[in-house]
2 protein chains.
Amino acid sequence: MITYADRMKNVSGEALNDILKYSSDPSIISFSLGSPAKEVYPVETIKNIINDIMNKDAAKILSYGQSEGYMPLREAYLNHIAHPKGIDASIENVIITTGATQGIDLISQTFINPGDVVLVESPSFLTSLQVFLKYGAILVPVIMDDHGIIPELLEDLIKVHNPKILYTIPTFQNPSGKTLTEERRKDIAQIASKYNLLVIEDDPYCDLRYRGEHIPPIKSFDKTGNVILTNSFSKILAPGLRVGTIVADSKINEALVLAKGGTDTNTTILSQAICAEFLNGGYLPAHLNDMVPVYLERLESMLYCLDKYFPKSCKYTIPEGGLFVWIEMPHEIDTGKLLESAANEHKVSYVPGYPFFINPDDGKHSLRLNFSSNTPDRIEEGIKRLGAFFHSIINE
Amino acid sequence: MITYADRMKNVSGEALNDILKYSSDPSIISFSLGSPAKEVYPVETIKNIINDIMNKDAAKILSYGQSEGYMPLREAYLNHIAHPKGIDASIENVIITTGATQGIDLISQTFINPGDVVLVESPSFLTSLQVFLKYGAILVPVIMDDHGIIPELLEDLIKVHNPKILYTIPTFQNPSGKTLTEERRKDIAQIASKYNLLVIEDDPYCDLRYRGEHIPPIKSFDKTGNVILTNSFSKILAPGLRVGTIVADSKINEALVLAKGGTDTNTTILSQAICAEFLNGGYLPAHLNDMVPVYLERLESMLYCLDKYFPKSCKYTIPEGGLFVWIEMPHEIDTGKLLESAANEHKVSYVPGYPFFINPDDGKHSLRLNFSSNTPDRIEEGIKRLGAFFHSIINE
């Protein structure tokens, strides 16, 4: 056997395997994946767009494209997403990636030397943690309160650990569902400039707001180019297209484009052209209007059922948007150990908390539930099963 | 400015920038890109396939997929491409990548530690060289004769350098156009087993054969799982779709899938479904029948014009397939230095030889010409211009 590179020792597939295994079994009600509701995909719009662009631009769509992305999509993203969010950016600040995950990977390739410190919210998105570890980062957790990262504590951590990067998911955080306040976003942009910290602002859920007011991204308060913003079409259109965006300083983008050229040359042009037309045709606002009530109903259904069926000693977040509810269980519960029984015997699955933490023990008693991808009926049935299972263990 | 990771110091965008810059200017006849002929894209077939799959499977196509690839494509690739080429493989041996470049990147991530030796043909594909360097490989050149790598010399190099990987493009090599004989393929498979060497067999051009007999891939002679084969839909269907394949030992594939999960989650499902239907619908053989005469005419046109317009002191390969003719010029010519004048004054572009070599000086007098993406008329005009330019410098 030929030995693997050392970087692969840092990467574990265990949690992801569990997520996928129990999500592909149709007899199991899965609260695991961060998937959109299949019922609200704008299928007819996408079909019409494809017909249109294939009639108009087939040769361009089928050929190689630029690594920085398909120009009509870069422009459409600026006009319809970045500028309305208050981001001062022009075309050289925008590149297109094969999903937001590729953005995290390219940024990591480009900036992380083995031994560099990356600050991450605790808990944080498990795939991103794995990517940072693959490139040899030392991860340091940042504690959050109900409103996300606390700027004063962040500054203290910077002084102690001299980090290169802060990774944050500021809106409807994955997995906690928490949202960073506007005031704190301003503070974090300032702190980044002051300490020459690179902030990766991973913001795929920001448009999935069901209550409250939209908050501008940290990037909109960035005056020094220290913030890199990643957005995604996975949650606002369709994850199967694999299209994400990066907004960054133009010098940084030159390096990221170089990394991308050696990674997948360019993102699928057909997907990029669909996203461009979706924005330019003005379909996004209407689609969000269709999605929001469906997702809100599912969120409320989940919260109602948690209240009704779960042991009273379980605490859960009440997010204003996004896809996830985060649950903290009493200490006798080990969610990682219970997953197999939950899935195989009780036919319901979730993501245990441990892979979201640098120290897996910190996530032993917590779990993440997705509410967007099941109907209210399935949510009730699934939470009822899970609640009964947990009751049987807690014996309240 | 936040400093980049050390691995980026090994990556240069200079050559690629030149290629792209002069290829996007419509006033310049470009022989630079490795693009298919736009005229022969099977546009109507692709449109019909898209309509079909969007009517049948929209929700599946728009959702997340498995990192290892879309099951119908993995099966179709086995049935229509791998098995007919004599490869003994089953479903767990096949994964789908976002173009063959991603395959090279995933294999490099997974296997290359800084300081590992990778043997590469001299010259070799410039993007792959950059990817190996990014992960810290030490590249060692393998000299080729007219039939590719010489197995005896390979064995000598293995004894001296103890390499982990051999990277080879065995069929219509990029950039040289050379093809490895069947006998040598068998020898290389045996050498790989004997020395526990990992062979990356990058074979995107194998189906673009215009003369002579098809030769089975090295992978078909591999009995120990030491060979990883990458193929691509970029040359046989459309590069804009970004779909490639890997055939490897199932244990190796587990690691590659893990790396892929943290790179782009999965390849665009729409692209994968198009490729699957293209194979299952039986369209590939007919499409190759359409392409081959077009490409052969362009190849012959280029060879005829090189003979007619180029200085007699220039030597060129006569490939039996693929996309490229490789030219060696007299030593007073520095193709890298002349590119700017060729493009800006004479309105014709090529890829200079230097980025294809580990030591750029070795490629100073050579250049690569693509013949697939221009009509015979444009080829004649372009080669005439380039020939006149070189005549003016050589003064034969």
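Two strands are taken to pair if DSSP finds at least two bridges between them. In this predicted model, strand β11 (residues 324-328) of chain A meets that condition with strand β14(A), the two pairing in the antiparallel sense over 5 bridges. Within this pairing, A:Phe324 stands opposite A:Asn370 of β14(A). Strand β14(A) also pairs with β13 (residues 351-352) of chain A, again in the antiparallel sense, here over 2 bridges. In this second pairing A:Val351 is the residue opposite A:Arg368 of β14(A).

Strand β14 of chain A, which spans residues 366-370, is mostly covered, with 5 of its 5 residues buried. The residues of β14(A) point in two directions: A:Ser366, A:Arg368 and A:Asn370 one way, and A:Leu367 and A:Leu369 the other way. Residues pointing either way from β14(A) are buried. Thus A:Arg368, which stands opposite A:Val351, and A:Asn370, which stands opposite A:Phe324, are both among the buried residues of the strand.

Burial was also examined in helix α3 of chain A, residues 71-82. The buried residues of this helix are A:Leu73, A:Arg74, A:Ala76, A:Tyr77, A:Leu78, A:Ile81 and A:Ala82. The elements that cover them include the strands β2 (94-97), β8 (227-232) and β9 (244-247) of chain A, together with helix α9 (269-280) of chain A.

In chain B, the packing of two helices was described. Two packed helices are described by the angle between their axes and the distance between the axes. For helix α4 (residues 99-111) and helix α8 (residues 250-261) of chain B, the axes come within 9 Å and cross at roughly 110°. That crossing makes α4(B) roughly perpendicular to α8(B). On the side of α4(B), the contact is formed by B:Leu106, B:Ile107, B:Gln109 and B:Thr110, which meet B:Ala255, B:Leu256, B:Ala259 and B:Lys260 of α8(B). By type, the residues of this contact divide into 5 nonpolar, 2 polar and 1 charged.

The relation between the two chains was considered last. Two copies of a chain are related by a rotation about an axis and a shift along it. Here a turn of 180° with a shift of 0.0 Å along the axis lays chain A on chain B, with an RMSD of 0.0 Å. This is the relation of a two-fold axis. The residue of chain A that comes closest to the rotation axis is A:Thr268, with its C-alpha at 3.6 Å. Of the interface residues of chain A, 100% are also interface residues in chain B, so the copies meet through the same surface.

Terms used. Residues are numbered from 1 along each chain as its sequence is written. Chains are lettered from A and ligands numbered from 1 in the order in which they are written. This is a predicted model: local features need pLDDT of at least 70, side-chain atom pairs count only at pLDDT 80 or more; totals for chains, interfaces and linings use all residues. Copies are superposed by least squares on the C-alpha atoms of residues with pLDDT of at least 70 in both. Two residues are in contact if their C-beta atoms, placed from the backbone, lie within 7 Å. Axes are lines fitted to C-alpha atoms, for helices over the stretch in contact, and angles run from 0 to 180 degrees between N-to-C directions. Helices (H or I, at least four residues) and strands (E, at least two) are DSSP runs, numbered from the N terminus. Angles under 35 degrees count as roughly parallel, over 145 as roughly antiparallel, 65 to 115 as roughly perpendicular and the rest as oblique. Ala, Val, Leu, Ile, Met, Phe, Trp, Tyr, Cys and Pro count as nonpolar, Asp, Glu, Lys and Arg as charged, and the others, Gly among them, as polar. A residue is buried if 20 or more other C-beta atoms lie within 10 Å of its own, exposed if 12 or fewer, and partly exposed in between; C-beta atoms are placed from the backbone.
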